[in-house]
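Reader: Please choose one part of this structure and go through it closely, step by step. I would also like to see how the remainder is arranged around that choice.

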Amino acid sequence: TTLMEDSSKIMSLKNIKRIFADCMVRNMCFLVNIGPDRHGNVPEPVEQRLIEFGNWVNSVSEAIYNTRGGPWQPVDGKYGFCYKCNTVYIYFLGDYAEDTFVLPPVDNGMKAVNAYNVHTNESIKTSKKGKSILLKGLSLIQNDLTVIAVVLNKNIR
């Protein structure tokens, strides 16, 4: 067997998602590179990994397409943000272990009207905490990526 036919030698789905998320929250581009085997074919384990990543992208596509990194700076290893219109997407990167999260301060008059897990559509409780928004009852996947959407009553920028 060649290196690419050994699935243990192929980057894990968790690692691909993590690198992807780090690029998203920093407003960067992401490119997946694969190489064919000596016969010009993409080995089946590589194809399966790409399909797995594509399925995950489809499941959280609203937090990917037409978004921009921000509006706040990411915290390495913990979380980062993307946004579009009136929705902030929080990419929890696997090392954040709390069941609550306080968003950085928002503009006066901004409040959360809805919050949910983008992958599972599970509803998240919110409350106002000064100029910040508190998310309660988070069930984050440890050592993997969880994307939470917070819909605000006004556009971000």
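Author: Two strands are taken to pair if DSSP finds at least two bridges between them, and that criterion is needed for the part chosen here, the hairpin of β2 and β3. The model is a predicted one, and what follows should be read with that in mind.

Before the hairpin itself, the overall plan is useful. The protein has two helices and eight strands, and along the sequence these follow the pattern α-α-β-β-β-β-β-β-β-β. Along the principal axes, its C-alpha atoms fill a box of roughly 60 × 30 × 25 Å, and of the 157 residues in the protein 42% are buried.

The hairpin brings together strand β2, residues 79-84, and strand β3, residues 87-92. The two strands pair in the antiparallel sense over six bridges, and one of the partnerships can be given by name, since F81 has I90 in β3 as its bridge partner. Two residues lie between the strands of this hairpin, and C85 takes a positive phi near 50° there.

β2 also pairs with strand β1, which covers residues 68-69, again in the antiparallel sense but here over two bridges. In this pairing R68 has Y83 of β2 as its bridge partner, while G69 is partnered by C82. As to the surroundings of β2, a residue counts as buried under 20% relative accessible area; five of the six residues of β2 are buried, so the strand is largely enclosed by the rest of the structure.

These pairings belong to a wider arrangement, an open sheet of five strands in the order β1-β2-β3-β8-β5, with antiparallel pairing. The edge strands are β1 and β5, the latter spanning 112-117, and each of them pairs on one side only. In the sheet order, β2 stands between β1 and β3. It may help, when following the side chains by eye, to recall that in a regular strand they alternate between the two faces of the sheet.

A second open sheet is made of three strands in the order β4-β7-β6, also with antiparallel pairing. Its edge strands are β4 (100-102) and β6 (125-129), each pairing on one side only, and the twist averages 20° from one strand to the next. β4 is joined by three bridges to strand β7, residues 132-136, and these two run antiparallel; within this pairing, F101 has L135 in β7 as its bridge partner.

Turning from the sheets to the helices, helix α2 covers residues 44-59 and includes L50. With a relative accessible area of 33%, L50 is partly exposed, and together with V32, I34 and V42 it forms a nonpolar patch on the surface, the four having about 260 Å² of accessible area together. R49 lies in helix α2 as well, but at 17% relative accessibility R49 counts as buried. A polar atom of the R49 side chain lies 2.6 Å from the backbone oxygen of M11.

To return to the chosen part, the hairpin joins β2 and β3 by six antiparallel bridges, and on its other pairing β2 meets β1 over two.

Methods: Residues are numbered from 1 along each chain as its sequence is written. This is a predicted model: local features need pLDDT of at least 70, side-chain atom pairs count only at pLDDT 80 or more; totals for chains, interfaces and linings use all residues. Side-chain values use heavy atoms; hydrogens and water are left out. Helices (H or I, at least four residues) and strands (E, at least two) are DSSP runs, numbered from the N terminus. Axes are lines fitted to C-alpha atoms, for helices over the stretch in contact, and angles run from 0 to 180 degrees between N-to-C directions. Buried means under 20% relative accessible area, exposed over 50%, partly exposed in between (1.4 Å probe, protein chains only). Patches are made of residues with over 30% relative accessible area and no salt bridge: like charges are joined within 9 Å, nonpolar side chains (Val, Leu, Ile, Met, Phe, Trp, Tyr) within 5 Å. Accessible areas come from the Shrake-Rupley method with a 1.4 Å probe; for residues, only the protein chains shown count as cover. A salt bridge is a side-chain nitrogen of Lys or Arg within 4 Å of a carboxyl oxygen of Asp or Glu. A polar contact is a pair of N or O atoms within 3.5 Å; within protein, one must be able to donate a hydrogen and the other to accept it, and residues adjacent in sequence count only if both atoms are side-chain atoms.
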